[in-house]
Amino acid sequence: MDQSKAPLYESMVLHREQTTTSFHVPGHKSRWLNPNPHLNQDRHVFSGAFPREILSIDFTELPGLDDLHQPQGAIQEAQELAAACFGADETYFLINGSTVGNLALITALCAREDILIVQRNVHKSIIHGLMLGGVKAVFLPPRWDVQSGLPTGVTITDVEYALQKYPEAKGVMLSNPNYYGMGIDLAPIIALSHAYGKPVLIDEAHGAHYGFHPDVPASALSCGADAVVQSTHKMLTAMTMGAMLHVQGSLLNREAIRQRLSILQSSSPSYPIMASLDLSRREIHKHGAERLSQGLEAIHYLQLQLQTNKTCSSFLLLPYRPTSSAYETQDPFKITVRDTTGTLNGFELKRELERHGCYGEMADQHHVLLVYSLASQKSDSDHLIQAFSRISGEYGLIHKPHTAEISLTGLFPQHTGVSLPIEFNMEPLNLYKGAKSMNVRTIPVQDAIHTFSAEMVIPYPPGIPVLFPGELITQHTADYLQRLSSSGASFHGTQDACLKTIRIYHNITI
(Lines give C-alpha, C1' and ligand atoms only; values in the text may rest on other atoms or scores of the structure.)
Protein backbone atom coordinates (compact mmCIF):
# COMPACT_ATOMS: atom_id res chain seq x y z
CA MET A 1 0.00 0.00 0.00
CA ASP A 2 1.30 3.43 -0.95
CA GLN A 3 1.30 5.33 2.35
CA SER A 4 2.51 8.50 0.59
CA LYS A 5 -0.97 8.94 -0.85
CA ALA A 6 -3.84 10.90 0.71
CA PRO A 7 -6.53 9.69 -1.69
CA LEU A 8 -9.52 11.51 -0.24
CA TYR A 9 -7.74 14.84 0.11
CA GLU A 10 -6.20 14.48 -3.35
CA SER A 11 -9.59 13.74 -4.90
CA MET A 12 -11.05 16.81 -3.22
CA VAL A 13 -8.24 19.06 -4.44
CA LEU A 14 -8.63 17.65 -7.95
CA HIS A 15 -12.34 18.43 -7.87
CA ARG A 16 -11.64 21.95 -6.60
CA GLU A 17 -9.30 22.65 -9.52
CA GLN A 18 -11.89 21.69 -12.13
CA THR A 19 -14.09 24.33 -13.72
CA THR A 20 -17.45 23.48 -12.22
CA THR A 21 -20.62 25.27 -11.19
CA SER A 22 -22.33 24.16 -8.00
CA PHE A 23 -26.02 23.37 -7.94
CA HIS A 24 -25.73 21.33 -4.79
CA VAL A 25 -25.28 21.88 -1.07
CA PRO A 26 -23.52 23.42 0.81
CA GLY A 27 -24.96 26.85 0.30
CA HIS A 28 -21.62 28.65 0.21
CA LYS A 29 -20.88 26.79 -3.06
CA SER A 30 -17.25 26.27 -2.08
CA ARG A 31 -16.62 29.97 -2.63
CA TRP A 32 -15.16 32.55 -0.30
CA LEU A 33 -17.36 35.63 0.01
CA ASN A 34 -15.83 38.94 1.00
CA PRO A 35 -17.80 40.51 3.88
CA ASN A 36 -17.87 43.71 1.79
CA PRO A 37 -18.81 42.85 -1.81
CA HIS A 38 -17.49 46.20 -3.01
CA LEU A 39 -13.92 45.38 -1.92
CA ASN A 40 -11.44 43.37 -3.93
CA GLN A 41 -11.26 39.68 -3.11
CA ASP A 42 -8.37 39.03 -0.75
CA ARG A 43 -7.59 35.39 -0.03
CA HIS A 44 -6.10 36.31 3.36
CA VAL A 45 -9.27 38.00 4.60
CA PHE A 46 -11.71 35.86 6.56
CA SER A 47 -15.43 35.68 5.86
CA GLY A 48 -16.93 35.10 9.27
CA ALA A 49 -14.80 32.26 10.64
CA PHE A 50 -14.15 30.49 7.35
CA PRO A 51 -10.99 31.02 5.33
CA ARG A 52 -11.25 30.55 1.60
CA GLU A 53 -8.97 27.50 1.66
CA ILE A 54 -11.39 25.53 3.82
CA LEU A 55 -14.53 26.54 1.98
CA SER A 56 -12.94 25.59 -1.33
CA ILE A 57 -12.92 21.91 -0.32
CA ASP A 58 -16.13 21.81 1.72
CA PHE A 59 -17.90 19.40 -0.57
CA THR A 60 -20.67 16.84 -0.40
CA GLU A 61 -21.00 13.34 -1.91
CA LEU A 62 -20.05 14.23 -5.48
CA PRO A 63 -18.85 11.81 -8.17
CA GLY A 64 -15.29 10.84 -7.33
CA LEU A 65 -15.51 11.94 -3.68
CA ASP A 66 -17.21 8.79 -2.36
CA ASP A 67 -19.75 8.45 0.47
CA LEU A 68 -18.80 7.97 4.15
CA HIS A 69 -21.86 5.78 4.75
CA GLN A 70 -21.22 3.53 1.71
CA PRO A 71 -17.52 3.96 0.93
CA GLN A 72 -16.31 2.40 -2.29
CA GLY A 73 -13.73 4.87 -3.59
CA ALA A 74 -11.52 7.56 -2.09
CA ILE A 75 -12.95 7.31 1.44
CA GLN A 76 -12.68 3.53 1.40
CA GLU A 77 -9.05 3.77 0.28
CA ALA A 78 -8.31 6.43 2.91
CA GLN A 79 -9.80 4.24 5.64
CA GLU A 80 -7.85 1.21 4.42
CA LEU A 81 -4.62 3.21 4.55
CA ALA A 82 -5.50 4.31 8.08
CA ALA A 83 -6.13 0.71 9.14
CA ALA A 84 -2.75 -0.34 7.77
CA CYS A 85 -1.03 2.62 9.41
CA PHE A 86 -2.50 2.13 12.89
CA GLY A 87 -2.49 -1.67 12.85
CA ALA A 88 -6.21 -2.44 12.55
CA ASP A 89 -8.14 -4.86 10.38
CA GLU A 90 -10.64 -2.12 9.60
CA THR A 91 -10.87 1.61 10.37
CA TYR A 92 -13.86 3.95 10.24
CA PHE A 93 -13.58 7.74 9.98
CA LEU A 94 -15.54 9.60 12.66
CA ILE A 95 -16.73 13.17 12.11
CA ASN A 96 -18.46 13.45 15.50
CA GLY A 97 -15.36 12.84 17.61
CA SER A 98 -14.54 9.82 19.76
CA THR A 99 -17.97 10.29 21.31
CA VAL A 100 -19.75 8.73 18.35
CA GLY A 101 -17.29 5.84 18.28
CA ASN A 102 -18.04 5.00 21.90
CA LEU A 103 -21.78 5.26 21.30
CA ALA A 104 -21.59 3.03 18.24
CA LEU A 105 -19.51 0.35 19.95
CA ILE A 106 -21.76 0.05 22.99
CA THR A 107 -25.02 -0.03 21.03
CA ALA A 108 -23.58 -2.47 18.48
CA LEU A 109 -22.29 -4.89 21.12
CA CYS A 110 -25.11 -4.73 23.66
CA ALA A 111 -28.88 -5.07 23.47
CA ARG A 112 -31.19 -3.56 26.06
CA GLU A 113 -30.74 -5.14 29.51
CA ASP A 114 -27.34 -6.61 28.54
CA ILE A 115 -24.40 -6.20 30.94
CA LEU A 116 -21.17 -4.44 30.01
CA ILE A 117 -18.18 -4.34 32.38
CA VAL A 118 -17.06 -0.71 32.46
CA GLN A 119 -14.31 1.29 34.13
CA ARG A 120 -15.91 3.73 36.60
CA ASN A 121 -13.92 6.85 35.65
CA VAL A 122 -14.79 6.96 31.96
CA HIS A 123 -15.80 9.81 29.68
CA LYS A 124 -19.44 10.85 29.73
CA SER A 125 -19.91 9.57 26.15
CA ILE A 126 -19.61 6.00 27.45
CA ILE A 127 -22.29 6.65 30.06
CA HIS A 128 -24.44 8.20 27.34
CA GLY A 129 -23.92 5.04 25.29
CA LEU A 130 -25.22 2.98 28.19
CA MET A 131 -28.22 5.28 28.43
CA LEU A 132 -28.99 5.12 24.70
CA GLY A 133 -28.79 1.34 24.72
CA GLY A 134 -30.49 0.72 28.06
CA VAL A 135 -27.40 -1.28 29.00
CA LYS A 136 -26.51 -2.38 32.52
CA ALA A 137 -23.04 -1.39 33.69
CA VAL A 138 -20.91 -3.31 36.16
CA PHE A 139 -18.44 -0.64 37.21
CA LEU A 140 -14.80 -1.36 38.02
CA PRO A 141 -13.13 1.00 40.49
CA PRO A 142 -9.99 2.84 39.32
CA ARG A 143 -6.62 2.65 40.97
CA TRP A 144 -5.40 5.78 42.75
CA ASP A 145 -2.01 7.45 42.51
CA VAL A 146 -1.09 8.37 46.07
CA GLN A 147 1.34 11.08 45.00
CA SER A 148 -1.12 13.10 42.93
CA GLY A 149 -4.47 11.81 44.18
CA LEU A 150 -5.51 11.10 40.58
CA PRO A 151 -7.60 8.12 39.46
CA THR A 152 -5.99 5.89 36.83
CA GLY A 153 -6.91 2.51 35.34
CA VAL A 154 -8.35 -0.69 36.74
CA THR A 155 -6.72 -3.79 38.22
CA ILE A 156 -6.69 -7.16 36.52
CA THR A 157 -8.00 -8.65 39.77
CA ASP A 158 -11.20 -6.59 39.54
CA VAL A 159 -11.60 -7.43 35.86
CA GLU A 160 -11.34 -11.15 36.58
CA TYR A 161 -13.76 -10.90 39.50
CA ALA A 162 -16.34 -9.17 37.29
CA LEU A 163 -15.87 -11.70 34.47
CA GLN A 164 -16.38 -14.57 36.89
CA LYS A 165 -19.39 -13.06 38.65
CA TYR A 166 -21.11 -11.89 35.46
CA PRO A 167 -20.35 -14.50 32.78
CA GLU A 168 -23.27 -13.14 30.75
CA ALA A 169 -21.47 -9.79 30.28
CA LYS A 170 -21.03 -8.87 26.64
CA GLY A 171 -17.55 -7.44 27.06
CA VAL A 172 -15.20 -5.07 28.86
CA MET A 173 -14.85 -1.35 28.15
CA LEU A 174 -11.88 0.60 29.51
CA SER A 175 -10.38 4.05 29.10
CA ASN A 176 -6.61 4.28 28.62
CA PRO A 177 -4.64 6.48 29.15
CA ASN A 178 -6.37 8.87 31.53
CA TYR A 179 -6.51 12.60 30.84
CA TYR A 180 -3.11 13.07 32.50
CA GLY A 181 -1.43 10.46 30.32
CA MET A 182 -1.27 7.77 33.01
CA GLY A 183 -1.88 4.32 31.55
CA ILE A 184 -1.99 0.68 32.52
CA ASP A 185 -0.61 -2.45 30.90
CA LEU A 186 -3.55 -3.54 28.78
CA ALA A 187 -2.07 -6.73 27.33
CA PRO A 188 -2.71 -9.08 30.30
CA ILE A 189 -6.22 -7.68 30.85
CA ILE A 190 -7.09 -8.15 27.19
CA ALA A 191 -5.64 -11.68 27.18
CA LEU A 192 -7.69 -12.52 30.28
CA SER A 193 -10.89 -11.17 28.75
CA HIS A 194 -10.27 -13.10 25.55
CA ALA A 195 -9.83 -16.27 27.62
CA TYR A 196 -13.41 -15.69 28.78
CA GLY A 197 -14.48 -15.06 25.18
CA LYS A 198 -15.18 -11.38 25.80
CA PRO A 199 -14.15 -8.51 23.51
CA VAL A 200 -12.32 -5.51 24.95
CA LEU A 201 -13.25 -1.99 23.85
CA ILE A 202 -10.74 0.78 24.57
CA ASP A 203 -11.46 4.50 24.65
CA GLU A 204 -7.96 5.63 23.62
CA ALA A 205 -9.05 9.18 22.87
CA HIS A 206 -5.75 10.59 24.13
CA GLY A 207 -3.50 7.97 22.55
CA ALA A 208 -3.69 8.38 18.76
CA HIS A 209 0.09 8.94 18.72
CA TYR A 210 0.84 5.79 20.71
CA GLY A 211 3.13 3.31 19.01
CA PHE A 212 4.77 5.79 16.64
CA HIS A 213 7.84 6.60 18.76
CA PRO A 214 9.95 4.51 21.17
CA ASP A 215 9.42 7.07 23.95
CA VAL A 216 5.60 6.85 23.89
CA PRO A 217 3.60 3.83 25.12
CA ALA A 218 2.34 0.99 22.97
CA SER A 219 -1.06 1.36 21.36
CA ALA A 220 -4.13 -0.52 22.56
CA LEU A 221 -4.38 -2.23 19.17
CA SER A 222 -0.87 -3.65 19.57
CA CYS A 223 -1.95 -4.96 22.98
CA GLY A 224 -4.74 -6.94 21.33
CA ALA A 225 -7.81 -4.73 21.87
CA ASP A 226 -10.80 -5.64 19.69
CA ALA A 227 -11.93 -2.06 19.14
CA VAL A 228 -10.14 1.22 19.80
CA VAL A 229 -11.51 4.75 19.54
CA GLN A 230 -8.97 7.54 19.04
CA SER A 231 -9.43 11.31 18.94
CA THR A 232 -7.14 12.01 16.01
CA HIS A 233 -7.71 15.71 16.60
CA LYS A 234 -6.42 15.60 20.18
CA MET A 235 -2.86 14.35 19.87
CA LEU A 236 -2.38 14.25 16.10
CA THR A 237 -3.20 16.87 13.48
CA ALA A 238 -6.80 16.31 12.38
CA MET A 239 -9.41 19.04 12.64
CA THR A 240 -11.58 19.20 15.73
CA MET A 241 -14.19 16.40 15.75
CA GLY A 242 -11.95 14.23 13.58
CA ALA A 243 -11.51 10.76 15.11
CA MET A 244 -11.12 7.12 14.12
CA LEU A 245 -12.57 3.80 15.21
CA HIS A 246 -10.24 0.84 14.70
CA VAL A 247 -11.43 -2.79 14.80
CA GLN A 248 -9.58 -6.09 14.69
CA GLY A 249 -10.32 -9.76 15.31
CA SER A 250 -13.57 -11.70 15.10
CA LEU A 251 -15.28 -11.00 18.42
CA LEU A 252 -17.24 -7.95 17.20
CA ASN A 253 -20.03 -7.68 14.64
CA ARG A 254 -18.61 -5.15 12.21
CA GLU A 255 -21.81 -4.91 10.22
CA ALA A 256 -23.60 -3.84 13.40
CA ILE A 257 -20.88 -1.24 14.07
CA ARG A 258 -21.23 0.17 10.55
CA GLN A 259 -24.98 0.32 10.93
CA ARG A 260 -24.77 2.17 14.26
CA LEU A 261 -22.27 4.64 12.81
CA SER A 262 -24.65 5.28 9.92
CA ILE A 263 -27.42 6.03 12.40
CA LEU A 264 -25.38 8.15 14.80
CA GLN A 265 -23.19 10.14 12.40
CA SER A 266 -24.46 12.97 10.26
CA SER A 267 -25.80 12.07 6.83
CA SER A 268 -23.96 15.22 5.67
CA PRO A 269 -20.42 14.49 6.88
CA SER A 270 -17.78 17.19 6.81
CA TYR A 271 -15.35 16.63 3.97
CA PRO A 272 -12.72 18.98 5.43
CA ILE A 273 -12.76 16.95 8.66
CA MET A 274 -12.45 13.69 6.73
CA ALA A 275 -9.65 15.18 4.63
CA SER A 276 -7.84 16.20 7.80
CA LEU A 277 -8.04 12.59 9.01
CA ASP A 278 -6.54 11.44 5.74
CA LEU A 279 -3.71 13.98 5.96
CA SER A 280 -3.12 13.29 9.65
CA ARG A 281 -2.64 9.60 8.90
CA ARG A 282 -0.23 10.39 6.09
CA GLU A 283 1.74 12.77 8.31
CA ILE A 284 2.13 10.35 11.22
CA HIS A 285 3.07 7.51 8.88
CA LYS A 286 5.65 9.45 6.89
CA HIS A 287 7.11 11.73 9.54
CA GLY A 288 5.70 10.46 12.86
CA ALA A 289 8.91 9.60 14.68
CA GLU A 290 10.64 12.76 13.48
CA ARG A 291 7.74 15.05 14.41
CA LEU A 292 7.27 13.39 17.79
CA SER A 293 10.99 13.75 18.47
CA GLN A 294 10.72 17.48 17.82
CA GLY A 295 7.84 17.73 20.27
CA LEU A 296 9.80 15.76 22.85
CA GLU A 297 12.74 18.12 22.44
CA ALA A 298 10.47 21.02 23.38
CA ILE A 299 9.34 19.08 26.47
CA HIS A 300 12.89 18.21 27.52
CA TYR A 301 13.82 21.87 27.16
CA LEU A 302 10.91 22.84 29.44
CA GLN A 303 11.93 20.26 32.02
CA LEU A 304 15.52 21.49 32.01
CA GLN A 305 14.49 25.12 32.38
CA LEU A 306 12.18 24.37 35.30
CA GLN A 307 15.02 22.54 37.03
CA THR A 308 17.65 25.26 36.49
CA ASN A 309 15.67 28.52 36.39
CA LYS A 310 15.43 29.70 40.01
CA THR A 311 12.46 31.96 39.29
CA CYS A 312 10.48 28.85 38.35
CA SER A 313 11.55 26.71 41.29
CA SER A 314 8.10 26.63 42.89
CA PHE A 315 6.54 24.90 39.88
CA LEU A 316 6.84 21.13 39.97
CA LEU A 317 6.11 18.75 37.13
CA LEU A 318 4.44 15.54 38.17
CA PRO A 319 7.16 12.94 37.59
CA TYR A 320 6.60 9.57 36.03
CA ARG A 321 7.14 6.92 38.69
CA PRO A 322 7.64 3.46 37.14
CA THR A 323 7.33 1.90 40.59
CA SER A 324 3.81 3.27 41.11
CA SER A 325 1.11 0.69 41.69
CA ALA A 326 -1.43 3.01 40.07
CA TYR A 327 -0.09 3.06 36.52
CA GLU A 328 2.54 1.44 34.33
CA THR A 329 2.92 3.92 31.47
CA GLN A 330 3.06 7.69 31.09
CA ASP A 331 2.54 9.80 27.99
CA PRO A 332 5.48 12.24 27.91
CA PHE A 333 3.37 14.75 25.98
CA LYS A 334 1.08 15.30 28.98
CA ILE A 335 2.70 17.78 31.38
CA THR A 336 1.08 18.07 34.82
CA VAL A 337 2.33 20.98 36.93
CA ARG A 338 1.45 22.51 40.30
CA ASP A 339 2.53 25.36 42.55
CA THR A 340 4.41 23.71 45.43
CA THR A 341 3.99 26.75 47.70
CA GLY A 342 0.23 26.21 47.75
CA THR A 343 -0.37 29.85 46.86
CA LEU A 344 -2.22 29.02 43.65
CA ASN A 345 -4.52 26.04 43.28
CA GLY A 346 -4.83 24.37 39.89
CA PHE A 347 -7.70 26.52 38.66
CA GLU A 348 -5.99 29.72 39.77
CA LEU A 349 -2.68 28.76 38.17
CA LYS A 350 -4.48 27.95 34.92
CA ARG A 351 -6.10 31.39 34.91
CA GLU A 352 -2.77 33.08 35.64
CA LEU A 353 -1.13 31.23 32.76
CA GLU A 354 -3.97 32.32 30.48
CA ARG A 355 -3.41 35.91 31.57
CA HIS A 356 0.11 35.55 30.21
CA GLY A 357 -1.04 33.98 26.96
CA CYS A 358 -0.52 30.30 27.82
CA TYR A 359 -3.74 28.28 27.64
CA GLY A 360 -3.68 24.93 29.42
CA GLU A 361 -5.92 21.98 28.68
CA MET A 362 -7.59 21.72 32.09
CA ALA A 363 -7.11 22.07 35.83
CA ASP A 364 -8.03 20.26 39.01
CA GLN A 365 -7.74 21.33 42.63
CA HIS A 366 -3.95 21.08 42.58
CA HIS A 367 -2.70 20.71 39.01
CA VAL A 368 -2.74 22.27 35.58
CA LEU A 369 -2.52 19.92 32.62
CA LEU A 370 -0.44 21.17 29.68
CA VAL A 371 -0.64 19.18 26.46
CA TYR A 372 2.26 19.09 24.03
CA SER A 373 2.11 17.38 20.65
CA LEU A 374 4.15 16.62 17.57
CA ALA A 375 3.47 20.23 16.49
CA SER A 376 4.97 21.77 19.66
CA GLN A 377 8.17 23.80 19.38
CA LYS A 378 10.91 25.10 21.65
CA SER A 379 9.41 28.60 21.34
CA ASP A 380 6.25 27.28 23.03
CA SER A 381 8.33 26.21 26.02
CA ASP A 382 10.08 29.60 26.06
CA HIS A 383 6.71 31.33 26.31
CA LEU A 384 5.65 28.99 29.11
CA ILE A 385 8.87 29.56 31.06
CA GLN A 386 8.39 33.33 30.75
CA ALA A 387 4.85 32.99 32.05
CA PHE A 388 5.95 30.88 35.03
CA SER A 389 8.72 33.39 35.83
CA ARG A 390 6.34 36.34 35.74
CA ILE A 391 3.72 34.57 37.87
CA SER A 392 6.43 33.63 40.36
CA GLY A 393 7.56 37.24 40.58
CA GLU A 394 4.04 38.65 40.89
CA TYR A 395 3.19 36.33 43.77
CA GLY A 396 6.65 36.24 45.37
CA LEU A 397 6.67 32.45 45.12
CA ILE A 398 10.45 32.15 45.21
CA HIS A 399 10.45 33.47 48.78
CA LYS A 400 7.76 31.09 50.05
CA PRO A 401 8.34 27.64 51.52
CA HIS A 402 7.76 24.67 49.22
CA THR A 403 6.26 21.31 49.96
CA ALA A 404 6.68 18.22 47.81
CA GLU A 405 3.49 16.67 49.12
CA ILE A 406 -0.15 17.56 48.57
CA SER A 407 -3.11 16.87 50.78
CA LEU A 408 -5.16 14.01 49.42
CA THR A 409 -8.13 15.00 51.58
CA GLY A 410 -11.21 15.88 49.60
CA LEU A 411 -10.03 14.73 46.19
CA PHE A 412 -12.16 12.88 43.62
CA PRO A 413 -14.62 10.64 45.52
CA GLN A 414 -13.11 7.19 45.65
CA HIS A 415 -15.08 4.12 44.66
CA THR A 416 -14.04 0.73 45.95
CA GLY A 417 -15.15 -2.68 44.83
CA VAL A 418 -16.91 -3.94 41.72
CA SER A 419 -20.46 -2.59 41.55
CA LEU A 420 -23.71 -4.43 41.11
CA PRO A 421 -25.28 -4.04 37.65
CA ILE A 422 -26.59 -0.49 37.24
CA GLU A 423 -29.12 0.22 34.52
CA PHE A 424 -29.62 3.57 32.83
CA ASN A 425 -32.42 4.72 30.60
CA MET A 426 -33.48 7.88 28.80
CA GLU A 427 -36.61 8.88 30.72
CA PRO A 428 -36.54 12.60 31.65
CA LEU A 429 -35.20 13.20 35.17
CA ASN A 430 -35.31 9.48 35.82
CA LEU A 431 -32.18 8.26 34.09
CA TYR A 432 -31.51 5.75 36.84
CA LYS A 433 -34.09 3.02 36.45
CA GLY A 434 -33.95 2.01 40.09
CA ALA A 435 -35.67 5.24 41.17
CA LYS A 436 -39.15 4.57 42.56
CA SER A 437 -40.49 8.09 42.16
CA MET A 438 -40.35 11.11 39.87
CA ASN A 439 -40.40 13.54 42.81
CA VAL A 440 -37.46 15.83 42.04
CA ARG A 441 -36.33 18.87 44.02
CA THR A 442 -33.56 21.42 43.60
CA ILE A 443 -31.60 22.14 46.78
CA PRO A 444 -28.19 23.60 47.75
CA VAL A 445 -25.35 21.12 47.34
CA GLN A 446 -24.43 21.37 51.02
CA ASP A 447 -27.97 20.21 51.92
CA ALA A 448 -27.89 17.22 49.55
CA ILE A 449 -25.84 14.87 51.74
CA HIS A 450 -27.48 11.41 52.07
CA THR A 451 -29.89 12.14 49.22
CA PHE A 452 -29.90 10.66 45.72
CA SER A 453 -28.80 12.68 42.72
CA ALA A 454 -31.38 13.24 39.97
CA GLU A 455 -28.81 14.42 37.44
CA MET A 456 -25.42 13.47 36.10
CA VAL A 457 -22.74 15.80 37.49
CA ILE A 458 -19.78 16.09 35.12
CA PRO A 459 -16.84 18.46 35.72
CA TYR A 460 -15.72 19.45 32.22
CA PRO A 461 -13.02 18.96 31.24
CA PRO A 462 -12.24 16.11 31.72
CA GLY A 463 -15.86 15.02 31.26
CA ILE A 464 -15.76 12.18 33.79
CA PRO A 465 -18.98 11.97 35.82
CA VAL A 466 -18.69 12.38 39.58
CA LEU A 467 -22.33 11.47 40.16
CA PHE A 468 -24.79 9.38 38.19
CA PRO A 469 -28.57 9.84 38.46
CA GLY A 470 -29.76 7.75 41.38
CA GLU A 471 -26.36 7.70 43.07
CA LEU A 472 -26.08 8.48 46.79
CA ILE A 473 -24.49 11.86 47.55
CA THR A 474 -22.02 11.34 50.38
CA GLN A 475 -20.42 13.96 52.60
CA HIS A 476 -17.15 13.43 50.72
CA THR A 477 -18.82 13.92 47.33
CA ALA A 478 -20.71 17.03 48.43
CA ASP A 479 -17.53 18.59 49.84
CA TYR A 480 -15.62 17.76 46.67
CA LEU A 481 -18.27 19.31 44.41
CA GLN A 482 -18.44 22.46 46.52
CA ARG A 483 -14.67 22.85 46.30
CA LEU A 484 -14.79 22.46 42.52
CA SER A 485 -17.64 24.95 42.26
CA SER A 486 -15.94 27.58 44.41
CA SER A 487 -12.72 27.13 42.41
CA GLY A 488 -14.47 28.01 39.17
CA ALA A 489 -14.84 24.57 37.60
CA SER A 490 -17.33 24.10 34.75
CA PHE A 491 -20.01 21.41 34.81
CA HIS A 492 -22.02 19.49 32.24
CA GLY A 493 -25.25 17.58 32.85
CA THR A 494 -26.52 19.87 35.61
CA GLN A 495 -29.35 22.36 35.62
CA ASP A 496 -27.17 24.80 37.57
CA ALA A 497 -24.00 25.33 35.53
CA CYS A 498 -22.21 26.75 38.59
CA LEU A 499 -23.39 23.84 40.77
CA LYS A 500 -24.49 25.91 43.72
CA THR A 501 -27.61 23.75 43.66
CA ILE A 502 -28.29 20.19 42.59
CA ARG A 503 -31.40 18.25 41.63
CA ILE A 504 -32.21 15.27 43.87
CA TYR A 505 -34.87 12.61 44.16
CA HIS A 506 -37.05 13.58 47.13
CA ASN A 507 -38.55 11.05 49.54
CA ILE A 508 -37.67 7.97 47.52
CA THR A 509 -36.03 4.63 48.10
CA ILE A 510 -33.37 3.41 45.73
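Biologist: What makes strand 14 (residues 362-363) and strand 15 a pair?

Modeller: Two bridges join strand 14 to strand 15, and the strands run antiparallel. Strands pair if DSSP finds at least two bridges between them, so these two qualify. One bridge links Ala363 to Val368 in strand 15. The two strands form a hairpin with four residues between them.

Biologist: What makes 362-363 a strand?

Modeller: Strands (E, at least two residues) and helices (H or I, at least four) are DSSP runs, numbered from the N terminus. This is a predicted model: local features need pLDDT of at least 70, side-chain atom pairs count only at pLDDT 80 or more, and totals for chains, interfaces and linings use all residues. Residues are numbered from 1 along each chain as its sequence is written, and side-chain values use heavy atoms, leaving out hydrogens and water.

Biologist: How do you know that strand 13 (residues 334-339) and strand 15 (residues 368-371) pair?

Modeller: They share four bridges, in the antiparallel sense. Lys334 has Val371 of strand 15 as its bridge partner.

Biologist: Why is the set with Phe86, Leu353, Phe388 and Leu481 called a nonpolar core?

Modeller: A nonpolar core is a set of buried Ala, Val, Leu, Ile, Met, Phe, Trp, Tyr and Cys residues joined through side-chain atoms within 4.5 Å. Buried means under 20% relative accessible area, exposed over 50%, partly exposed in between (1.4 Å probe, protein chains only). The largest such core has 99 residues, and those four have the most contacts inside it. Helix 10 (residues 271-308) gives the most, with 12 residues.

Biologist: What does Phe388 touch?

Modeller: Its contacts (heavy atoms within 4.5 Å) include Leu306, Phe315 and Leu353, not counting residues up to four places away in sequence.
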